[in-house]
Amino acid sequence: MTHIYFIRHAQSDRTFQQEQSRPLTAEGISDSEKITEILKDKGITHILSSPYKRTLQTVGSLSKALGINIETDEDLRERNAGKWHGDKFFDYVKQQWDNFDYASEGGESLHQVQSRNISAVNRALEKFKGETIAISTHGTALSTILNYYYSDYGYEEFLKIADLMPLVIKLTFDDEKRCIEGKMIFSVNKKYE
């Protein structure tokens, strides 16, 4: 069995418009310490992350506590929203969940996000077969991963995790890379703004 703890990043400072360099808030940093407390004794051997600052900060404390370097994977990054403008975010998101191939100009569809995220997960399952790993990622990215393994996971389920920052979900895989169990381990409710 291979166990993956998927970690949605802690609360980020949305006053930063640049996606890649957006940091955690002070609360987010504090909440990421709780992840370390919960996961430090789970036998994690590898930590993978999106290269974005907020995901790296979310597992920074865990990395130090375990003495494990964080390996970044560009395929774990968040969705590129393209030229979407922020007036009606959840309308845009619903349109994407209703049509997995819909993308704003210059952006990615959920199908594209899912494809690259599942590629990253499959590489991890192959490389770290039989181990326990942590993957730090984003809300939309994680939701497309969950949709891949649980086809009934859709827009309503995405809304349920929108305010959970951080969020830890454990998926267990058999040797054929099939997800055989999933459960929520930990979450902190923070209003998405």
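The legends below describe several close-up views of a predicted model.

**Figure 1. Overall view of the predicted protein, with its 7 helices and 6 strands.**
Read from the N terminus on, the elements follow the order β-α-β-α-α-β-α-α-β-α-α-β-β. The radius of gyration is 16 Å, close to the 16 Å that the globule rule gives for 193 residues, so the protein is as compact as a globular protein of that length. Taken along the principal axes, the box filled by the C-alpha atoms comes to roughly 45 × 40 × 25 Å. Among contacts between residues at least 6 apart in sequence, 67% join residues that are at least 24 apart.

**Figure 2. Surface and interior of the protein, where buried residues make up 51% of the 193 residues.**
The protein exposes about 9,300 Å², and carbon and sulfur atoms supply 46% of this area. For the charges, the view takes in 25 positive and 29 negative ones, whose mean positions are 2 Å apart.

**Figure 3. Strand β1 (residues 2-8) and its two pairings, with β5 and with β4.**
Of the 7 residues of β1, 6 are buried, so this strand is largely enclosed by the rest of the structure. With strand β5 (residues 164-173), β1 runs antiparallel, and 7 bridges join the two; within this pairing, Phe6 stands opposite Ile169. With strand β4 (residues 132-137), in turn, β1 pairs in the parallel sense over 6 bridges, and here the bridge partner of Arg8 is Thr137 in β4.

**Figure 4. The hairpin formed by strands β5 and β6, with 5 residues between them.**
The two strands run antiparallel and are joined by 8 bridges, among them one in which Phe173 has Cys179 of β6 as its partner. In the loop between β5 and β6 (179-189) lies Lys177, which has a phi near 70°, a positive value in a residue other than glycine. With a relative accessible area of 31%, Lys177 is partly exposed, because this value falls between the 20% limit for buried residues and the 50% limit for exposed ones. Elsewhere in the hairpin, β5 also contains Pro166, and the peptide bond that joins Met165 and Pro166 is cis, with omega about 0°.

**Figure 5. Helix α6 (residues 139-149), of whose 11 residues 10 are buried.**
With that many of its residues buried, α6 is largely enclosed by the rest of the structure. The buried residues are Gly139, Thr140, Ala141, Leu142, Ser143, Thr144, Ile145, Leu146, Asn147 and Tyr149. One of them, Asn147, can be viewed together with Glu157, which stands 10 residues apart from Asn147 along the chain, and the C-alpha atoms of these two residues are separated by 9.4 Å. Glu157 is found in helix α7 (residues 155-161), and at 26% relative accessibility Glu157 counts as partly exposed.

**Figure 6. Arg123 in helix α5 (residues 110-127), shown with Asp73 and Asp75.**
Leaving aside the neighbours of Arg123 within four places in sequence, this residue is in contact with both Asp73 and Asp75. Arg123 has a relative accessibility of 39% and therefore counts as partly exposed. In the counting of charges used for this model, Arg is taken as positive and Asp as negative.

**Figure 7. Ser32 in helix α1 (residues 26-39), shown with Gln57 and Thr58.**
When residues up to four places away in sequence are not counted, Ser32 touches Gln57 and Thr58. The relative accessibility of Ser32 is 2%, and Ser32 therefore counts as buried, since buried means under 20% relative accessible area.

Note on methods. Residues numbered from 1 in each chain as written. Predicted model: local features only at pLDDT ≥ 70, side-chain atom pairs only at ≥ 80, totals over all residues. Heavy atoms only, no water. Buried < 20%, exposed > 50% of the residue type's maximum accessible area, 1.4 Å probe, protein only. Helix = DSSP H or I, 4+ residues; strand = E, 2+ residues; numbered from the N terminus. Pairing = 2+ DSSP bridges. Rg over C-alpha atoms; globule rule 2.2 N^0.38 Å. Contact = heavy atoms within 4.5 Å. Areas by Shrake-Rupley, 256 points an atom, 1.4 Å probe, with all protein chains shown as cover. Charge placed at Lys NZ, Arg CZ, Asp CG, Glu CD.
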